[in-house]
Amino acid sequence: MAQFKHLNDLNTFLTMDGENAKGPVPRWQRKLNLSGASTSFNSSALANTSARQTLSVSMTGNANNTLQLSTTVNSLKTPRKNGGKGTASSASKKSSQTPSKGPTASSNNNGNAQNQPGGGDRFIPSRTATDFDLGHYIVKQGTASNEEGDGGGNVENDEGAAGGGGSTSNIPVSPKQSERMKSLSEAMRGCDISKQRLLAFRTKVPAPPEGHVNPLKAIYSVKTPMSAKSGSRYIPNAPERILDAPEIMNDYYLNLMDWSTDNVIAVALGASVYLWNAATGTIEMLFENEGNDHACSLSWIHEGHILAVGTSAGTVELWDCENMKRLRVMNGHSARVGVLAWNSYVLCSGSRDGTIVNHDVRTRQHNIGVLQGHTQEVCGLKWSPDGKYLASGGNDNLVHVWSAAHGAPHATGEPLHVFNQHQAAIRALAWCPWQPNVLASGGGTADRTIKFWNVANGQLMNSVDTKSQVCGLLFSKTYKELISAHGYVNNQLSIWKYPSMMKQVDLMGHTGRVLQIAMSPDGSTVMSAGADETLRLWNCFAPDPLLAKKEKSAVREKPSLLKQSLR
């Protein structure tokens, strides 16, 4: 018999297509047995508890792993990517799923589908963030509302309960009284009760009181350009150096500062004129006026150490700043001289009498022409880079463009163009260094705009509202940008991209309006004189070191003949 048993075992082992009776139970058979056991257990449990329902907590297989109330016993299912739909009403047919990544639509006790926000797999209420008094009130109001209704339905709601103002008695309440009770309850709680939950799962930051202003907001409100496509760069928003300027005159129509090509800054303070060497830091007093006379305008000659000074007496003085002595005094005006402009050996002076006088500083008879076009004080004068045009701005809200006379460095005759689009005095004038026929002009308090003119055809190219008084304009020598000085309200310096006029940054610091701005000889630094009696140096146009390094590496050194001959 033993040999027959051995043969049977051998045949069973060699049979490949037969059923393996001694191996582990297949997966499908295990699932079938478990499903059958779960179904039989659920049916017996439902039969024994027909009088009441048992409350059990189960985890549904939706995307957010939310807690729900269920009356079924969970069956085992393998996790799958796509969530399913489940209801609590059919206990014998539907079962919950394991947590999965896919989105599912779960049903609450009222049968309404609800999607909860994503989070973790645990939901622990926060006691500190939960208002238990409000929750008790909402539960009582919801219970009263259900009792006054059809008397059916579940007691709890997944959203808490609506914050209605229903009464706890069976006496019918009018809609007006219901709204009044709701308003009173919301006024007592200080919030909309219908939007409050029974449990809070995270602590929220309390809202600031009404009208609260963050005192640290100014630290993070600096608008620095961040776009790499627009060619943005780093611009320091703090001055590199601050100098005191006591007794500087706060007059919009005067030009009391200028920067020479020798890196010397001349500034008029009260009745005196001082020279500050930006390279060495030495300060010297050029002269001091006697009586009530004072300097109204300063202008350096383009090449050299000659300083022109316009006085309150209507005269123009030439000073040799190397030898610290006055060279000559030139007459020609009947009122103060508020602005000066050099063009080679010709000095143009603008006065309160509305005239512009051309002075040839080489000859004894210096007055070579008078330009009459303005009806009020001339407060702005600028020659174009090529010396072909002279722009003048006045208190009569007009900009005049004068043409040079037959190649001479002075203007004669009638103005070539008269621009009358400004609504206030024009003191700020600047010529574009790479477009000699483009003129920028800035208006005063009633105008607040920067306008760009094409003097070749007399057309207005662009106009930008700066929201404040324009006191000065300068084009950068390094970048295609424009800097403007302003007065009330912010007393700031603004840097603009040209020609798009996209604001790059506002340089804040002056507590009074900026009276004038001047640029260093290398074009990297701008000095601003403010009515707060300070001079501030801004390193806002410094060349980009990376760009300079690239340009330097692009220029290859020519190999010497000595190196070529050596092998």
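How many cavities of 30 Å³ or more does a search of the whole structure find? Exercise 5 gives the solution.

This is a predicted model, in which local features need pLDDT of at least 70 and side-chain atom pairs count only at pLDDT 80 or more, while totals for chains, interfaces and linings use all residues. Residues are numbered from 1 along each chain as its sequence is written, and side-chain values use heavy atoms, with hydrogens and water left out.

**Exercise 1. The whole protein**

Task: State what the secondary structure comes to, and what share of the residues is buried.

Solution.
- Step 1. Take helices (DSSP runs of H or I, at least four residues) and strands (runs of E, at least two), numbered from the N terminus. The protein has six helices and 32 strands.
- Step 2. Sort residues by relative accessible area: buried is under 20%, exposed is over 50%, partly exposed is in between (1.4 Å probe, protein chains only). Of the 567 residues, 40% are buried.
- Step 3. Turn to contacts (heavy atoms within 4.5 Å). Among those with a separation of 6 or more, 46% join residues 24 or more positions apart.

**Exercise 2. Thr315**

Task: Place Thr315 and decide whether Thr315 is buried or exposed.

Solution.
- Step 1. Find the element. Thr315 sits in the loop between strand S11 (306-311) and strand S12 (316-320).
- Step 2. Apply the cut-off. Thr315 counts as buried because its relative accessible area is 15%.
- Step 3. List the partners. Neighbours within four places in sequence are left aside; Thr315 then touches Val309, Gly310, Val329, Met330, Asn331 and Val337.
- Step 4. Look for a polar contact (a pair of N or O atoms within 3.5 Å; within protein, one must be able to donate a hydrogen and the other to accept it, and residues adjacent in sequence count only if both atoms are side-chain atoms). The side chains of Thr315 and Thr311 make one, at 2.7 Å.

**Exercise 3. Arg326**

Task: Describe the surroundings of Arg326.

Solution.
- Step 1. Arg326 belongs to strand S13, which spans 325-330.
- Step 2. Its relative accessible area is 46%, so Arg326 is partly exposed.
- Step 3. Beyond four places in sequence, Arg326 is in contact with Glu317, Leu318 and Trp319. With Glu317 there is a side-chain polar contact of 3.3 Å.
- Step 4. Compare sequence and space. Arg326 and Leu286 are 40 residues apart in sequence, and their C-alpha atoms are 9.5 Å apart.

**Exercise 4. Backbone features in loops**

Task: Locate two cis peptide bonds and two residues with positive phi.

Solution.
- Step 1. The bond from Tyr488 to Val489 is cis, with omega near 25°. Val489 is in the loop between strand S27 (481-486) and strand S28 (493-497).
- Step 2. The bond from Tyr498 to Pro499 is also cis, with omega near 10°. Pro499 is in the loop between S28 and strand S29 (503-507).
- Step 3. Met324 is not a glycine, yet its phi is positive, about 55°. Met324 lies in the loop between S12 and S13. At 28% relative accessible area, Met324 is partly exposed.
- Step 4. Ser344 is not a glycine either, and its phi is about 60°. Ser344 lies in the loop between strand S14 (337-343) and strand S15 (346-351). At 42% relative accessibility, Ser344 is partly exposed.

**Exercise 5. Cavities and pockets**

Task: Describe the second largest cavity and the second largest pocket.

Solution.
- Step 1. Fix the terms. On a 1 Å grid over the protein atoms alone, a cavity is a set of points where a 1.4 Å probe fits but cannot get out; a pocket is an open set with protein on both sides within 12 Å along at least five of seven lines; lining residues have an atom within 4 Å of a point. Grid points are joined across faces, edges and corners, and a volume is the space filled by probe spheres set on the points.
- Step 2. Count. The search finds two cavities of 30 Å³ or more. The second largest holds about 50 Å³.
- Step 3. Name the cavity lining. Among its residues are Ile248, Asp251, Arg427 and Ala529.
- Step 4. Size the pocket. The second largest has a volume of about 1200 Å³. It is lined by 44 residues; Asp258, His302, Lys382, Trp383 and Leu474 lie nearest its centre.
- Step 5. Trace the strands. Those supplying at least two lining residues each include strand S6 (257-259), S14 and strand S30 (514-519).
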